[in-house]
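Biologist: Could you walk me through some local geometry in this model? I would like the cut-offs along with the answers.

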Amino acid sequence: MITKRQLGLILAFFGFLLTLGIFAVEWFEAGNFQGIGPLQRIALVISFAILVLGITLLPFGDRPA
Amino acid sequence: MSEITELRNSLDVHPRWTYIAYLLIGLALIVFIGYFIIYNIYAFSLFRFPFDFDQGEGFELMDTVLFSQGQWPYQDNNNYPFYSSNYPPVFHLVIVPLIWLFGPQYWTGRVVAYIGTLITAVAIGYAVQRESRRIWLSILVGLAFLASNYVYHVGPLFRQHMFMVMFETLAVVLVTVVVQREEETGKRNNLGLLVVMVLLLLAGYTKQLAYATVIAVFGFLFLRQTKRAVLWAIPFTAATALIFFIIDSATNGQWLTNTITANINPYIPAQGIGLFRQWFELHTILTIAAVALTFYQLYFERLSAYAIWFVIAAANGITAGKWGAGESYFATAIAASCILTGLVAGRLVTWSKSKGPRWYVAVMSIIALLFLVQANKVFHWPTHMPALRAIASAVGKPVETYVAPQTSCSAPRAAVAIPYVDSAGVGLLGRPPNDEDIEAGKRIAQFVSSGETAAFSEEAGFNFYAGRDVITNPTQLLNLYNNGQVDLTEMIGMLDNQQFDSVIFRAQFYPPPVLEVIGRRYETIELVEMNGFVYCLLSPREDIAPS
């Protein structure tokens with residue numbers, strides 16, 4: 001069974017990775033950073049929201065997710 | 001209506017208010033039953049329509065015909081008849097017995113897909129009924145699913161998408177039942193979980209998009225029974241892979257090429273964002289209720305399979321921006337949101353009951369009003385019958401829509417009034433096909449019959465009707481062409497030699513070199529309008545001898 005805290009950690013980690021990934025794709029694909037496009041902006045908002053959601057779950061401790 | 005009886009028996013509420021709640025719930029039920037009648041009118045008019053209503057239906061029929069003859073539809077596109085399917089087999093295999101009995105008829109797949117949507121609606125109603133125990137609410141959410149513009153548009157078509165949604169819904173409802181009973185009794189139900197896995201497998205082998213529901217179900221199991229989720233994921237993955245490799249081996253690699261490679265299409269951000277926005281605007285009440293319950297469960301309860309399913313299915317809606325994808329990609333999220341809306345409403349009614357009769361009446365009335373708001377948002381209404389026209393007029397809606405026939409191979413045409421209104425905007429799905437459409441289809445089939453060969457046609461229906469070979473699957477060819485996976489030499493050679501007596505265009509989906517050679521060797525001799533599309537009928541040019 002996964003707890004709220006564990007789920008929070010998973011979501012925060014996933015959100016962090018996603019945020020990092022969005023920038024990484026830009027760096028690796030384009031070779032150099034050329035700014036954030038409209039789709040990337042949406043993805044960035046979503047990944048940041050996942051990260052924040054994960055953090056807000058941390059105080060809920062060992063309650064089952 | 002035990003709710004109402006209770007209300008009426010209450011001494012704390014004036015009977016007039018109880019009647020208002022009763023009337024509003026009754027009205028909501030009548031409105032959604034009205035949509036259900038409309039759905040049936042549309043479905044039954046499609047059952048008697050013997051041609052493609054949505055481009056691609058005929059190719060699904062062709063897949064079924066090939067299966068019924070013991071052949072794989074995953075074939076080499078480089079050689080005549082240049083045909084292959086890009087969809088997994090389950091939906092077509094289910095229809096095979098009907099093809100054996102009745103021959104290659106469009107209604108076979110349309111009936112099966114339609115029944116699939118009814119099963120989904122019943123499963124949604126059951127999911128709500130087992131928690132809320134309020135039949136009016138269960139009926140409302142089941143009908144709300146069928147009343148979605150998207151479900152209405154594609155539900156009774158010969159397309160596998162809604163059949164996938166049926167398997168997905170059954171899997172998620174069943175996993176909820178199985179896990180809940182296990183937690184109540186403390187006994188494992190491996191057989192129940194096995195059935196869930198089979199349903200997921202069937203969903204995935206109906207259409208690849210079911211991966212989102214597979215992730216949701218395993219995500220739910222991971223939260224509840226982490227070790228067991230991992231243990232079940234291994235055989236599930238193995239079974240999925242085994243079937244994949246067996247089919248791939250049996251088709252000499254054509255399965256991989258045609259179901260995976262051919263589905264790697266360009267992404268159109270504007271299409272994806274536009275459909276996301278439209279989905280929310282059409283299903284606002286359902287979506288807000290689903291989001292609200294998901295957040296509540298996330299922080300104050302345990303996440304249900306339905307909440308996880310909704311989040312992942314909604315996120316997966318972003319794939320609707322892929323070329324060739326569309327509104328139906330939101331059908332899974334709509335099914336999940338209907339269940340969550342029913343659960344929210346059921347809980348609110350239960351909660352209000354404990355707060356006293358006034359709250360009870362107020363909450364019941366508000367829920368009914370919100371369902372009526374939702375009904376207004378998804379307004380779609382054919383107006384080809386005087387009674388339907390009168391109803392649209394009575395509720396203050398327009399009675400017709402002005403749409404220009406879609407042209408690709410002919411000059412643009414002026415907009416004409418069509419007897420159909422849809423809040424999803426101007427579209428060509430939803431208006432029941434009529435006798436004029438059938439006659440137009442027959443005219444095109446007659447054109448095919450006037451030649452000696454099969455038509456090089458963008459739709460399969462005309463060749464089916466004329467008893468000729470079905471040649472090419474244009475969108476499949478275009479996808480493969482864009483991925484560098486098709487050799488068009490033989491096809492271009494045959495067109496260059498004018499080996500086809502007729503060519504039929506609807507949207508010019510063929511790869512550019514194919515369109516180019518047709519442009520040189522064939523000429524348009526007639527235009528026929530069917531289902532709001534202008535079809536171009538082409539014959540070999542006589543002024544240019546074959547090379």
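The questions below go through ring pairs, a sheet, a helix pair and some backbone features.

Modeller: Happy to help: this is a predicted model, where local features need pLDDT of at least 70, side-chain atom pairs count only at pLDDT 80 or more, and totals for chains, interfaces and linings use all residues. Residues are numbered from 1 along each chain as its sequence is written, chains are lettered from A and ligands numbered from 1 in the order in which they are written, and side-chain values use heavy atoms, with hydrogens and water left out.

Biologist: How many aromatic pairs are there over all chains?

Modeller: Rings of Phe, Tyr and Trp (its six-membered ring) pair if their centres lie within 6.5 Å; planes under 30 degrees apart count as stacked, over 60 as edge-to-face and the rest as tilted. By that rule, the count over all chains is 44 aromatic pairs.

Biologist: What kind of pair do B:Tyr42 and B:Phe53 form?

Modeller: Both residues, B:Tyr42 and B:Phe53, are buried (under 20% relative accessible area, with exposed over 50% and partly exposed in between, using a 1.4 Å probe and protein chains only). Their ring centres are 6.2 Å apart and the planes stand at 70 degrees, so the pair is edge-to-face.

Biologist: Are B:Trp351 and B:Trp359 stacked or edge-to-face, and what are the numbers?

Modeller: B:Trp351 has 40% relative accessibility and counts as partly exposed, and B:Trp359 counts as partly exposed at 43%. The centres of their rings are 5.2 Å apart with planes at 80 degrees, so this pair is edge-to-face.

Biologist: Over which ring does the charged end of B:Arg506 sit?

Modeller: A charge sits over a ring if NZ of Lys or CZ of Arg is within 6 Å of the ring centre and within 35 degrees of the ring normal. For B:Arg506 the distance to the centre is 3.6 Å, and the ring is that of B:Phe533.

Biologist: Which are the edge strands of the open sheet in chain B?

Modeller: Strands (E, at least two residues) and helices (H or I, at least four) are DSSP runs, numbered from the N terminus, and two strands pair if DSSP finds at least two bridges between them. The sheet has 4 strands in the order E5-E6-E8-E7 of chain B, with mixed pairing. Pairing on one side only marks the edge strands, which are E5 (456–457) and E7 (522–530) of chain B.

Biologist: How are helices H14 and H17 of chain B oriented to each other?

Modeller: Axes are lines fitted to C-alpha atoms, for helices over the stretch in contact, and angles run from 0 to 180 degrees between N-to-C directions. The axes of H14 (residues 284–300) and H17 (residues 357–377) of chain B come within 8 Å and cross at roughly 130 degrees. Angles under 35 degrees count as roughly parallel, over 145 as roughly antiparallel, 65 to 115 as roughly perpendicular and the rest as oblique. H14(B) and H17(B) are therefore oblique.

Biologist: Where is the cis peptide bond that has omega near 10 degrees?

Modeller: Look in the loop between H3 and H4 (90–102) of chain B, where B:Pro81 lies. The bond runs from B:Tyr80 to B:Pro81.

Biologist: What is the phi of B:Phe82?

Modeller: B:Phe82 also has its place in the loop between H3 and H4 of chain B, and is buried with a relative accessible area of 0%. Although B:Phe82 is not a glycine, its phi is positive, at about 55 degrees.
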